[in-house]
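Biologist: I should like to learn how charged pairs and nonpolar cores are read from a set of coordinates. Could we work through one case together?

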Amino acid sequence: TFETGIEYVNPDSQHLQMNIARPAGKGPFPAVLCVHGGGFRAGTRASYDPLVKRLAARGYVAATASYRLAPKYPFPAAVHDVKAAVRFLRGNAARYGINPD
């Protein structure tokens, strides 16, 4: 399955979202979080949609997350957002069939 636009955190009313691809079956499966490049200034999570789908076909729950971009949100805002994405995946492990370890 492939879900888009899952809100994982809302700092400064930014409604940050992720896309998640899951393999068939019950799991729990290992998880991978793909973080787009762009020097914390550019890029989108959608650029990793093909990769997360390929990872799901190989037995991983794979997610790609948006984060706040500079210069409006300077470093380390993006790092905090990615950490929040990891916490979201761990906190929702049962829902998405993830092995939280």
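Modeller: Let us begin with a single residue, bearing in mind that this is a predicted model. Glu3 has a relative accessibility of 26%, so Glu3 counts as partly exposed.

Biologist: Which residue forms a salt bridge with Glu3?

Modeller: The partner of Glu3 is Arg22, and their closest N and O atoms are 2.9 Å apart. Arg22 has a relative accessibility of 22% and therefore also falls in the partly exposed class, which runs from 20% to 50%.

Biologist: Where in the chain do Glu3 and Arg22 lie?

Modeller: Glu3 belongs to strand S1, while Arg22 sits in the loop between S2 and strand S3 (31-35). The two are 19 residues apart, and the pair thus links distant parts of the chain.

Biologist: How many salt bridges are counted?

Modeller: The count comes to 2. Besides the pair just described, Asp81 forms a salt bridge with Arg68, with 2.8 Å between the closest N and O atoms. This pair, too, links distant parts of the chain: Asp81 is in helix H2, Arg68 is in the loop between S4 and H2, and 13 residues separate them.

Biologist: Are Asp81 and Arg68 buried or exposed?

Modeller: Both are buried. For Asp81 the relative accessible area is 2%, which means that Asp81 is under the 20% limit for a buried residue.

Biologist: Which residues does Asp81 touch, not counting those up to four places away in sequence?

Modeller: Asp81 touches Tyr8, Pro11, Leu16, Tyr67 and Arg68. Tyr8 leads us on to the nonpolar core.

Biologist: Which residues have the most contacts inside the largest nonpolar core?

Modeller: They are Tyr8, Met18, Ile20, Phe88 and Leu89, in a core of 18 residues. At least two core residues come from each of strand S1 (2-9), strand S2 (16-21), strand S4 (61-65), helix H2 (77-91) and helix H3 (93-96). H2 supplies the largest share, 5 residues.

Biologist: What is Tyr8 in contact with, leaving aside its neighbours within four places in sequence?

Modeller: The contacts of Tyr8 include Leu16, Gln17 and Met18, then Ala65, Ser66 and Tyr67. Tyr8 is also in contact with Asp81, Ala84, Ala85 and Phe88. Asp81, a member of the buried salt bridge with Arg68, is therefore a contact of a residue with many contacts in the core.

Biologist: Which residues does the second, separate core include?

Modeller: That core has 6 residues, among them Cys34, Val52, Leu55 and Ala56.

Methods
Residues are numbered from 1 along each chain as its sequence is written. This is a predicted model: local features need pLDDT of at least 70, side-chain atom pairs count only at pLDDT 80 or more; totals for chains, interfaces and linings use all residues. Side-chain values use heavy atoms; hydrogens and water are left out. A nonpolar core is a set of buried Ala, Val, Leu, Ile, Met, Phe, Trp, Tyr and Cys residues joined through side-chain atoms within 4.5 Å. Buried means under 20% relative accessible area, exposed over 50%, partly exposed in between (1.4 Å probe, protein chains only). Helices (H or I, at least four residues) and strands (E, at least two) are DSSP runs, numbered from the N terminus. Contact means heavy atoms within 4.5 Å. A salt bridge is a side-chain nitrogen of Lys or Arg within 4 Å of a carboxyl oxygen of Asp or Glu.
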